[in-house]
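Reader: I would like a close look at a single part of this model. Please take one helix and say how it sits against the rest.

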Amino acid sequence: MKVFISHQMEDAPLAIRIATRLRDNHKVESYLDVMDDGAKDGHQLAMHLREKMRGCSHLLAVVSGSTQRSWWVPWEIGVASERDLPLATFSEGGASLPTYLQKWPYLSRAEHLDSYVAAAQQAGLTAILESRGVHKEEAVVKRHSTDLFYEDLRRRLGQ
């Protein structure tokens, strides 16, 4: 499991705290653009982010009041959605989510990250076990795993 953490630059401290908790508490890797070296222009950055997203299994979008001014966070959510990556949002401090983001599970406390990881691990394991001995296309197994992740995470979060 590797999580692409999408965020507005003003939310970098929160994104770093999330990545640290994922790593320290769950040994889950993440990609954060604040760790990249060197600035990139629009096209070069888009290609770079797509490449980084290919190496991730999930996307967690940090949402705050400053996200409204971001072009990149919605773009990254769109790319992840297109790739059928399991999506969730993290909104600390009660920032209201736009309607389109309410489609996916939302986290609001650091402890919710524990449920996020547990649901992701359970969904992946269940999908693998269910597909053993049965020939299924990789896309079908991935879609099923994503659906299991959403269902389990919502249950764990009471949503």
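Author: What follows describes helix 3 and then the sheet and core around it. The model is predicted, so local features need pLDDT of at least 70 and side-chain atom pairs count only at pLDDT 80 or more, while totals for chains, interfaces and linings use all residues. Residues are numbered from 1 along each chain as its sequence is written, and side-chain values use heavy atoms, with hydrogens and water left out.

Helix 3 covers residues 72-82; helices (H or I, at least four residues) and strands (E, at least two) are DSSP runs, numbered from the N terminus. V73, E76, I77, V79 and A80 are its buried residues, buried meaning under 20% relative accessible area with a 1.4 Å probe, protein chains only. Seen down the axis of helix 3, they fall within an arc of 165°, so they line one face of the helix; the arc is that of the directions from the helix axis to the C-beta atoms. Their cover includes strand 1 (2-6), helix 2 (42-54), strand 3 (58-62) and strand 4 (87-90), where contact means heavy atoms within 4.5 Å. Just after helix 3, D84 takes a positive phi of about 60°.

The sheet is open, with 5 strands in the order 2-1-3-4-5 and parallel pairing; two strands pair if DSSP finds at least two bridges between them. Its edge strands, strand 2 (29-31) and strand 5 (106-107), each pair on one side only. Strand 4 and strand 5 pair over 2 bridges, and F90 stands opposite L107 in strand 5. L60 touches F90 and L107, among others, not counting residues up to four places away in sequence.

Definitions and conventions:
Buried means under 20% relative accessible area, exposed over 50%, partly exposed in between (1.4 Å probe, protein chains only).
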